[in-house]
Amino acid sequence: MNAFEIDAFEFCRTNSSKEGGTPVAEMTRLGKECANTSGEVAWKVEGGSSKHGYPQMRLVVAGKVQLVCQRCLTPFEYEIDSSTFLLLGKDDADADEIEAIIDDESIDVIVGARSMNLMDLVEDEALLALPQAPKHGECPDTSLVDAAKNEKASPFAGLKGLKTN
Ligand SMILES: [Zn+2]
C-alpha cells in the first residue's frame, strides 16, 4: 500500500493532516509541463468539514518549478503558491448536489473515495496552479525578438516615409 493512499472520508472525519515534499521528477504529468524536472513541491493536506457540513480537504502546494517562457522560449523559475478547498461528494450525483448548494465557483467538489492517492490530488493542484501562458515578467534578453520586430517593421516604415514626402 502506498504511503499516500488515504480513505478520504475518514481523513476528513478525523481532521487528519499530512504534509511532505515531492520532487518534480516524481510527478510525471507536472514534469511534462516544465522545462526540466528540477525542484520540489511542498504540500499539505488538511481534512475537516466545510461550513455546510460536508467533508472538506484543504490542499496547499508551494514550490519552484522551471517553465519555458512563451515569449523568449527560455526557461525561468516559477513559484507555485496555491491553496484550495476540495469538498467530497459520495458519488457524481452527490457531488453535483453539493456544488448546487454551496454555489461557490472557487470551491471544487470531487467524488471522494475510500482509497484515494494524495499525490494525485497534489499533482492536480500543482498543474492547476501553473499559468496558461507562462512568461517572464520581463524577459532577460529580448534582442533577438526586437531584431525580428524591427525587420518586419522596416518595410512599413519605408512606405510611411514615402507617403509623407
Ligand atoms: Zn521570457
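A donor, in what follows, is an N, O or S atom within 2.8 Å of the metal. With that in hand, let us walk through this predicted model, starting at its metal site. The zinc ion has four residues around it: Cys 69, Cys 72 and Cys 139 each offer SG, while His 136 offers ND1, at 2.0 to 2.3 Å. What arrangement do the 4 donor atoms around the zinc ion make? The angles they subtend run from 104 to 118°, which makes the arrangement tetrahedral. For orientation, the ideal angle for four tetrahedral donors is 109.5 degrees.

Along the sequence, the donor residues of the zinc ion follow the spacing C-x2-C-x63-H-x2-C. Distant parts of the chain are linked here: Cys 69 sits in the loop between strand 4 and strand 5, and Cys 139 in the loop between helix 4 (118-129) and helix 5 (143-164), 70 residues apart. Cys 69 and Cys 139 are both buried.

Now step back to the whole chain. The protein chain holds 5 helices and 7 strands, and from the N terminus on its elements run β-α-β-α-β-β-β-α-β-β-α-α. Of its 165 residues, 35% count as buried. Among contacts with a separation of 6 or more, 58% come from residues 24 or more positions apart.

Next comes the sheet. It is an open one, made of 5 strands in the order 2-3-4-5-6, with mixed pairing. Strand 2 (17-23) and strand 6 (108-111) stand at the edges; each has a single partner strand, so one side of each is left without a neighbour in the sheet. On average, neighbouring strands of this sheet are turned by 30° against each other, direction ignored. As a reminder, strands of a sheet pair through backbone hydrogen bonds, either parallel or antiparallel.

Strand 4 (residues 55-68) is a good place to look at the pairing in detail. On one side, strand 3 (residues 40-49) pairs with strand 4 in the antiparallel sense over 9 bridges. Gly 47 has Met 57 in strand 4 as its bridge partner, and Ala 42 stands opposite Ala 62 in strand 4. Strand 3 and strand 4 form a hairpin with 5 residues between them, and Gly 53 in the turn has a positive phi of about 90°.

Strand 4 is also joined to strand 5 (residues 75-89), by 13 bridges, and these two run antiparallel. Here Lys 64 has Glu 79 in strand 5 as its bridge partner. Strand 4 and strand 5 form a hairpin too, with 6 residues between them; in the turn, Leu 73 has a positive phi of about 60°. Helix 3 (residues 92-102) lies across strand 5 and strand 6, and runs at about 165° to strand 6.

Let us pause at one residue of strand 4, Gln 56. Is Gln 56 buried or exposed? The cut-off for buried is under 20% relative accessible area, and Gln 56, at 15% relative accessibility, therefore counts as buried. Leaving aside residues up to four places away in sequence, Gln 56 touches Cys 12, Glu 46, Gly 47, Gly 48, Ser 49, Ser 50, Phe 85, Leu 86 and Leu 87. Within that list, Gly 47 is the residue met above as the bridge partner of Met 57.

Finally, turn to the start of the chain. A search of the whole structure finds 1 aromatic pair. Its members are Phe 4 and Trp 43, which meet edge-to-face, 5.6 Å centre to centre and with 75° between the planes. Phe 4 lies in the segment before strand 1 (5-6) and Trp 43 in strand 3, so the pair ties together parts that are 39 residues apart in sequence. Phe 4 is partly exposed, with a relative accessible area of 29%, whereas Trp 43, at 4% relative accessibility, counts as buried.

Ala 3 also lies in the segment before strand 1. At 56% relative accessibility, Ala 3 counts as exposed. How many residues apart in sequence are Ala 3 and Met 119? They are separated by 116 residues in sequence, while their C-alpha atoms are 9.7 Å apart in space.

Technical notes:
Residues numbered from 1 in each chain as written. Predicted model: local features only at pLDDT ≥ 70, side-chain atom pairs only at ≥ 80, totals over all residues. Heavy atoms only, no water. Helix = DSSP H or I, 4+ residues; strand = E, 2+ residues; numbered from the N terminus. Buried < 20%, exposed > 50% of the residue type's maximum accessible area, 1.4 Å probe, protein only. Contact = heavy atoms within 4.5 Å. Pairing = 2+ DSSP bridges. Phe/Tyr/Trp six-rings, centres within 6.5 Å; stacked < 30°, edge-to-face > 60°. Axes fitted to C-alpha atoms, helices over the stretch in contact; angles between N-to-C directions. Donors = N, O, S within 2.8 Å, 3.2 Å for Na, K, Ca; no water. Tetrahedral: all angles 85-135°; square planar, octahedral: opposite > 155°, others 65-115°.
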